[in-house]
Each structure stands twice: as structure tokens, then as C-alpha cells.
Amino acid sequence: HIPADTPQLQILRELQSLFSRMQSVMDLGSSGSVDPDGLFEALRAYDGRCAFSMEDAGEFLLRLLDVLEPALEAVGLPDVLAECLGGTTVSQTIPVCNHKPAAREEQELVFDVPVSDGSTLPELLEKHIAGGYELEGDECFECDSCKKRVRAKRTAGMHALADTVVLSFKRFEY
């Protein structure tokens, strides 16, 4: 049982209740529905935003994960989201001067994947991971060896994945 002392913990409790009710429906083998209003009300009490505001599924998920991380930490489960979702990405910047590339590892709960017309999921992932992009002009890379700004290629790859990977497909560019 999770105490309802804070708004974040109330959201965690409502989410636990929602999953419990969903499991009960599945155990009965019925095709019944489960009302998420308790979770939506807890989210509204937390940040004042309506659950039906103009946000897509990815935005809602990120909002929920931002609330869940401190709540899970408060109940002694700080790493549960990282263990269950996402994985580790490695971003690498390779300078044209052929000096040592710069690399950075980051824990990701959700992977953003840009969508192109007519591409399959394997094609999208290949473009996103292997394609990379050039850093030029104002975006040039500061090479530690040369001590100057040089053109470079930035690449990203999925290094380690959890059992569940969440992909957020980005259909629009702003």
C-alpha cells in the first residue's frame, strides 16, 4: 500500500489501483472497461492541467514519468523505471580532424524517433541511429586536441535496452 501524503504519491496510488482493476478485468476474461478518472483527477490535483488538454500520447507519458520518478524514489524504488523502460544511448561526436571522438552515455526512458514518409520501423530506426548528422557553421565541434572549432559528425546508438522499450514517433518538425 502506498500512502497518499503527497500529490505524486497519490498519482502512484491511483496508477497502482488502475493496473489492479485492469488485471481483475483480464482475470475474469471479460472485455470490460476500466475508468481512469481517479488517475486523471490525481494528475489535475498535482499540476492543475486537465487530462484531456491538447497533448499527444508521448507528451502525456513524459508528464506521467516526470511525476512517477520522485514518487517511486519516495517509496524506496528509485531505479524501477530505468530497469523496466528504455535503456542507454551513446552519442558520439566525430571531428573531421580525426582526433579522438567525444562520447556521452545517457539513460533514456523514451526514445524519440523521427518519422519519414513510407518508412518501415527498421528503416526509421536505422536512419535515426546510424544516420547521424553533420555539425557545421555555428554548430561546429570544439576539438580538445586541436583547441579549435571543427566540422564533425554526431551519431547516436542504443547501447543497452530494458525489457520494454518505448518509442515515441515524431511526425512533425517545428
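**Side-chain contacts, surface and pocket**

F60 is partly exposed, with a relative accessible area of 22%. This value, like every other one reported here, comes from a predicted model. The cut-off for a buried residue is under 20%, and values from there up to 50% count as partly exposed. F60, at 22%, is therefore placed in the partly exposed class.

The aromatic side chains were examined next. Across the whole structure, the search returns 1 aromatic pair. The partners are F40 and F60, whose ring centres lie 6.3 Å apart. Their planes meet at 85 degrees. An angle over 60 degrees counts as edge-to-face, so the F40 and F60 rings are assigned to that class. F40 belongs to helix α2, which covers residues 37–47, and F60 belongs to helix α3, which covers residues 57–74. The two residues are 20 positions apart in sequence, so the pair ties together separate parts of the chain. F40 has a relative accessibility of 16%, and it therefore counts as buried.

Charged side chains also connect these helices. The whole structure holds 4 salt bridges. One of them joins D47 to R63, with an N to O distance of 2.9 Å. D47 sits in helix α2 and R63 in helix α3, so this bridge links distant parts of the chain, 16 residues apart. The two partners are covered to unlike degrees: D47 is partly exposed at 29% relative accessibility, whereas R63 is buried at 6%. L64 also lies in helix α3. At 9% relative accessibility, L64 is buried. The C-alpha atoms of L64 and R154 are separated by 30 Å. Along the chain, L64 and R154 are 90 residues apart.

Two further salt bridges can be described. R13 pairs with E14, and their closest N and O atoms are 3.2 Å apart. R13 is partly exposed, with 26% relative accessibility. E14 reaches 13% and is buried. In the other bridge, the side chains of R104 and E106 meet at 2.7 Å, N to O. E106 is partly exposed, at 30% relative accessibility.

The surface was then searched for nonpolar patches. V115, L121 and F169 form a nonpolar patch. Together, these three residues have about 240 Å² of accessible area. L121 is part of helix α5, which covers residues 121–131. Its relative accessibility is 39%, so L121 counts as partly exposed. Residues need over 30% to enter a patch, and L121, at 39%, therefore meets this limit.

Pockets were considered last. The largest pocket encloses about 380 Å³ of space. Its lining is made up of 17 residues. T89, S91, D112, H128 and A156 are the closest of these to the centre. Several elements of the fold contribute to the wall. At least two lining residues come from each of the strands β1 (87–95), β2 (102–108), β3 (110–114) and β7 (152–161). Helix α5 also supplies at least two. Strand β7 gives the most to the lining, with 5 residues. Helix α5 thus appears in two of these descriptions, because it holds L121 of the nonpolar patch and also lines the largest pocket.

Conventions. Residues numbered from 1 in each chain as written. Predicted model: local features only at pLDDT ≥ 70, side-chain atom pairs only at ≥ 80, totals over all residues. Heavy atoms only, no water. Phe/Tyr/Trp six-rings, centres within 6.5 Å; stacked < 30°, edge-to-face > 60°. Helix = DSSP H or I, 4+ residues; strand = E, 2+ residues; numbered from the N terminus. Buried < 20%, exposed > 50% of the residue type's maximum accessible area, 1.4 Å probe, protein only. Patch = residues over 30% accessible without salt bridge, like charges linked within 9 Å, V, L, I, M, F, W, Y side chains within 5 Å. Areas by Shrake-Rupley, 256 points an atom, 1.4 Å probe, with all protein chains shown as cover. 1 Å grid on protein atoms, 1.4 Å probe; cavity = no way out; pocket = protein on both sides within 12 Å on 5 of 7 lines; lining within 4 Å. Points joined across faces, edges and corners; volume = space filled by probe spheres on them.
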